[in-house]
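Colleague: I would like a close look at a single part of this protein, the central sheet and the segments around it. Please explain each term as it arises, for a first-year student.

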Amino acid sequence: MLRPIPGAPGTFSAVAPETARFRLLGPVMEQLRRQQEEIERVHSELSRMNAVYESSRVELIRREAISALSDLDDVRYTITNLANQSETEVLTAQPGGARKEEILQESLPRTEELLRRGVRMRTLYQHSAHFSSGMSTYVEHVTGLGAEVRTLPSSFQRLIVFDRKFAVISLRSDPLGACLVKDLNLVEFIADTFESLWVSAKPFPTELDRSRLSLTSAEIREAVIAMLVSGEEDKVIAKRLGISLRTCQRHVSEIMSELGARNRLHAGYLLHRLMPDAD
């Protein structure tokens with residue numbers, strides 16, 4: 001509030017309060033202004049970084065929930081590792097009819113180890129697997145160790161569920177690959193899908209007699225008829241039922257002959273007319 005008077009030592013004059021305020025607070029206000037600018041700059045920069053972080057986090061969560069396994073060795077390693085960690089239950093669904101001998105042999109030690117540890121194991125195959133002696137021998141062996149095996153005539157998704165914590169499903173774009181699912185909600189959905197199939201499936205018979213073979217063949221034939229009415233091609237029908245194209249074509253030929261159909265379109269029309277709920 002005072003300033004010295006030049007040429008008069010020890011003498012001071014009063015300073016206008018406004019001038020004193022400017023001199024005292026000016027540097028502080030300038031510092032605050034620079035700090036405010038820095039705060040706004042940092043805030044703006046962090047906002048941009050947060051958008052990048054959030055998008056990266058979503059992608060990370062997605063990757064953690066579902067991992068693609070494009071290499072067959074990776075698929076086998078993952079399945080073996082998850083099987084070794086399983087404690088309560090393993091659910092498997094294997095469409096496509098009879099499995100190749102080398103695939104059965106590759107999975108057998110893993111299956112035996114699971115069952116001997118007391119892990120419950122349930123497996124679904126298609127009816128067409130009944131006609132393979134190798135499959136019957138394999139099923140007889142694993143059911144003797146405690147496994148449960150059932151079959152369905154129609155196709156379903158290939159899957160394995162471990163303790164309802166992890167699931168491995170087929171990779172649509174790569175027949176040799178798979179998806180490892182770790183999200184518990186997705187795994188539960190996959191397990192529920194299996195349960196709905198399991199309820200309607202029938203036990204795999206290890207001792208096939210002629211009557212059982214006839215019944216299985218009749219159920220496959222009914223599935224062929226249903227898809228024939230829907231207009232599906234032979235290749236599609238064969239794939240969904242896990243039978244060879246030749247077997248499928250034999251069924252279609254026999255059905256057309258019994259109906260007296262001139263062609264597939266005519267057969268589909270006649271079958272539709274024969275259905276109980278047809279108009």
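Modeller: The account below begins with the whole chain and then follows the sheet strand by strand.

This is a predicted model, in which local features need pLDDT of at least 70 and side-chain atom pairs count only at pLDDT 80 or more, while totals for chains, interfaces and linings use all residues. Residues are numbered from 1 along each chain as its sequence is written, and side-chain values use heavy atoms, with hydrogens and water left out.

The protein contains nine helices and ten strands. Helices (H or I, at least four residues) and strands (E, at least two) are DSSP runs, numbered from the N terminus. Of its 279 residues, 34% are buried. Buried means under 20% relative accessible area, exposed means over 50%, and partly exposed lies in between (1.4 Å probe, protein chains only).

Eight of the strands form an open sheet with mixed pairing, in the order S3-S9-S8-S7-S4-S5-S6-S10. Two strands pair if DSSP finds at least two bridges between them. At the edges stand strand S3 (66-69) and strand S10 (202-203), each of which pairs on one side only.

Within this sheet, consider strand S4. Five of its five residues are buried. On one side these are Glu89, Leu91 and Ala93, and on the other Val90 and Thr92, so that both faces of S4 are covered. In a regular strand the side chains alternate between the two faces of the sheet.

S4 has a partner in S5, with which it pairs in the parallel sense over five bridges. Here Thr92 stands opposite Thr123 of S5. Strand S5 also holds Arg122. Arg122 counts as buried because its relative accessibility is 4%. Leaving out residues up to four places away in sequence, Arg122 touches Glu89, Val90, Leu91 and Thr92, and also Glu148, Arg164, Phe194, Glu195 and Trp198. Contact means heavy atoms within 4.5 Å.

S4 also pairs with S7, but here the two strands run antiparallel and are joined by four bridges. Leu91 stands opposite Val161 in S7. In S7, Leu159 and Val161 point one way and Ile160 and Phe162 the other way, and all are buried.

From S7 the sheet continues to S8, through antiparallel pairing over four bridges. In this pair Ile160 stands opposite Val168 of S8. S7 and S8 form a hairpin with three residues between them. Two residues of this loop deserve attention. Asp163 lies in the loop between S7 and S8 and has a positive phi of about 55° although it is not a glycine. With 16% relative accessibility, Asp163 is therefore classed as buried. Arg164 belongs to the loop between S7 and S8 as well, and its phi is near 55°, again a positive value in a residue other than glycine. Arg164 has 25% relative accessibility and so counts as partly exposed.

Strand S8 (residues 166-171) then pairs with strand S9 (residues 174-181) in the antiparallel sense, over five bridges. Val168 has Leu180 as its bridge partner in S9. Helix H2 (residues 72-85) packs on the sheet, touching S3, S7, S8 and S9, and its direction makes about 35° with that of S9. Helix H5 (residues 184-200) also packs on the sheet. Among the strands that H5 touches are S4, S5 and S6, and its direction makes about 65° with that of S5. Such angles run from 0 to 180 degrees between N-to-C directions, with axes as lines fitted to C-alpha atoms, for helices over the stretch in contact.

Several residues already named recur in the interior. The largest nonpolar core has 26 residues, and Val90, Tyr125, Tyr138, Val142, Phe162, Val168 and Phe204 touch the most other members. H2, helix H3 (101-116), S5, helix H4 (133-144), S7 and S9 each supply at least two residues of this core. Apart from it lies another core, of 16 residues, among them Val224, Cys248, Ile255 and Ala261. A nonpolar core is a set of buried Ala, Val, Leu, Ile, Met, Phe, Trp, Tyr and Cys residues joined through side-chain atoms within 4.5 Å. In soluble globular proteins, nonpolar side chains tend to be buried together.
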